[in-house]
Amino acid sequence: MPDVLALPDLASRAMRGSVVAASDEFFAERENLIKPGAAVFSPATFGHKGQVYDGWETRRRRGPGGELPGEDEHDWVAVRLGAPGVVHAVVVDTAYFTGNFPQSCSVEACYLPGYPDQAALERALWAEIVPRSPLKGDTPHVFEVPPVKRFSHLRLRIFPDGGVARLRVHGEVVPDPDLLEGLTFDLAALENGGDVRACSDRFYSSPRNAISPGLSRVMGEGWETRRRRSPGNEWLVVGFTAAAQLSLVEIDTSGYIGNSPGQAELRGRLGDAGEAEAPWDPLLPRTALLPDTPHRFRVRPPAPCDQVRLDVFPDGGLARLRLYGSLTPEGLAAARRRWAETAP
């Protein structure tokens, strides 16, 4: 699969995205489009409107005399991204829609500050980022997008009608620097521009779960490695949106009762993540962890950093990793440059 699909899904409900409007949702609810998991299907499961689908499905369109609709007739759905960002790829997945999928689709995007209502969305200047393209049934369609400007909303048009299981919007978060200036916030959080840069193991679940919004409800919503059978330990690297001064670390093992790490260590550095030999500065010495416990540690690093490496010994699972701090003046300036460079 293309590397762009490894980027966060900005539309996902797990990122606090939402479906704000749709032209029709007669057969299946629009909110299904952004559910985090893959679509599921149970044959011969009927509700009062027909077969139940895990996706968004509109009614059959008809022309003025009851005939087939015109070539440009379509349904649409509008999605607010969980955080503004630069889109690299859109996935339109028609999983399990075999005789009722749309013939084609297009995708538009716009950026609107604040919390626009439906009238503001209708007046917005929408840019087409995926031209009208044919669709197949029961297929994930990947459309790569030139990563240039940031967007806050997407609109999917389907021609003429039908069902789509999932809409994924993979990209990079571009946080608003005005909402970060002068604040202590979670530097690792996806919505603040943090992301996992590398990790040693993702056998049971994605390491990105550890920095996702909200609390982990079950083990599957955290990051868990396989059982290690050789010397060494597991680790992950988290990058920040810009250089920052770290002040508080939270390592949460909630829900991991018989499979939490025994110990953890945290180090940081400032510079290119590609410099494999660049030194890491100690932030938290190797420290014992308890199962099913949120651990909080004050740290006083001697210098700013823009990435942190968490080592867990020897293996196990974490619910969440929170790294609280503030952008340095240089980091804030870099965040402002990024915001300006991606302006619509």
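This is a dialogue on reading selected features of a predicted model.

Trainee: Where does one begin when looking for empty space in a model?

Mentor: Rolling a probe the size of a water molecule over the atoms shows where empty space is left. In this predicted model the count comes to one cavity of 30 Å³ or more. The largest cavity has a volume of about 30 Å³.

Trainee: Which residues line the largest cavity?

Mentor: The lining consists of Gly-268, Arg-269, Asp-281, Leu-283, Pro-301, Pro-302, Ala-303, Pro-304 and Cys-305. Two elements, β16 (263–269) and β17 (281–288), each give two or more residues to that lining. Sorted by class, the lining holds six nonpolar, one polar and two charged residues.

Trainee: How do β16 and β17 run, and how many bridges join them?

Mentor: β16 and β17 run antiparallel and are joined by five bridges. Gly-268 has Asp-281 as its bridge partner in β17. β16 also pairs with β19 (residues 305–313), again in the antiparallel sense, over seven bridges. There the bridge partner of Gly-268 is Val-308. Gly-268 and Asp-281 both appear in the cavity lining given above.

Trainee: And what should I expect of side chains along a strand?

Mentor: In a regular strand the side chains alternate between the two faces of the sheet.

Trainee: What is the volume of the largest pocket, as opposed to the cavity?

Mentor: A pocket is an open set of points, while a cavity is one the probe cannot get out of. The largest pocket here has a volume of about 830 Å³. It is lined by 31 residues, and those closest to its centre are Ser-12, Ala-14, Pro-36, Gly-37 and Asn-209. The elements β5 (75–93), β8 (140–144) and β11 (166–173) each give two or more residues to the pocket lining.

Trainee: How many residues of each class are in the pocket lining?

Mentor: There are 14 nonpolar, eight polar and nine charged residues in the lining of the largest pocket.

Trainee: Next, the aromatic rings. How many aromatic pairs are there?

Mentor: The count comes to six aromatic pairs. Take Phe-41 and Tyr-96: the rings are 5.4 Å centre to centre with 15° between the planes, and the pair is stacked. Phe-41 is in the loop between β1 (18–22) and β2 (46–47), whereas Tyr-96 is in the loop between β5 and β6 (104–110), so this pair links distant parts of the chain, 55 residues apart. Phe-41 is partly exposed at a relative accessible area of 30%, and Tyr-96 is partly exposed at 34%.

Trainee: Where do Tyr-53 and Phe-97 lie, and are they buried or exposed?

Mentor: The ring centres of Tyr-53 and Phe-97 are 4.6 Å apart and the planes are at 20°, so this pair is stacked. Tyr-53 lies in the loop between β3 (50–51) and β4 (56–57) and Phe-97 in the loop between β5 and β6, so the pair ties together parts that are 44 residues apart in sequence. Both Tyr-53 and Phe-97 are buried. Ring pairs link Phe-41, Tyr-53, Tyr-96 and Phe-97 into a cluster.

Trainee: Which charged side chains sit over rings?

Mentor: Lys-49 has its charged end over the ring of Phe-26, 4.3 Å from the ring centre. Arg-132 has its charged end over the ring of Phe-159, 3.8 Å from the ring centre.

Trainee: Phe-159 is followed by a proline. What kind of peptide bond joins Phe-159 and Pro-160?

Mentor: The bond between Phe-159 and Pro-160 is cis, with omega about -10°. Pro-160 is in the loop between β9 (150–159) and β10 (163–164). A cis peptide bond also joins Phe-313 and Pro-314, where omega is about -15°. Pro-314 lies in the loop between β19 and β20 (317–318).

Trainee: Which residues other than glycine have a positive phi?

Mentor: Arg-16 is one of them, with phi near 70°; Arg-16 is in the segment before β1. Asp-292 has a positive phi of about 50° and is found in the loop between β17 and β18 (294–298). At a relative accessible area of 42%, Asp-292 is partly exposed.

Trainee: Last, what distance separates the C-alpha atoms of Gly-66 and Glu-234?

Mentor: Those C-alpha atoms are separated by 62 Å, and the two residues are 168 residues apart along the chain. Gly-66 is in the loop between β4 and β5 and counts as partly exposed at 45% relative accessibility.

Notes:
Residues numbered from 1 in each chain as written. Predicted model: local features only at pLDDT ≥ 70, side-chain atom pairs only at ≥ 80, totals over all residues. Heavy atoms only, no water. 1 Å grid on protein atoms, 1.4 Å probe; cavity = no way out; pocket = protein on both sides within 12 Å on 5 of 7 lines; lining within 4 Å. Points joined across faces, edges and corners; volume = space filled by probe spheres on them. Helix = DSSP H or I, 4+ residues; strand = E, 2+ residues; numbered from the N terminus. Nonpolar A, V, L, I, M, F, W, Y, C, P; charged D, E, K, R; others polar. Phe/Tyr/Trp six-rings, centres within 6.5 Å; stacked < 30°, edge-to-face > 60°. Buried < 20%, exposed > 50% of the residue type's maximum accessible area, 1.4 Å probe, protein only. Lys NZ or Arg CZ within 6 Å of the ring centre and 35° of its normal. Pairing = 2+ DSSP bridges.
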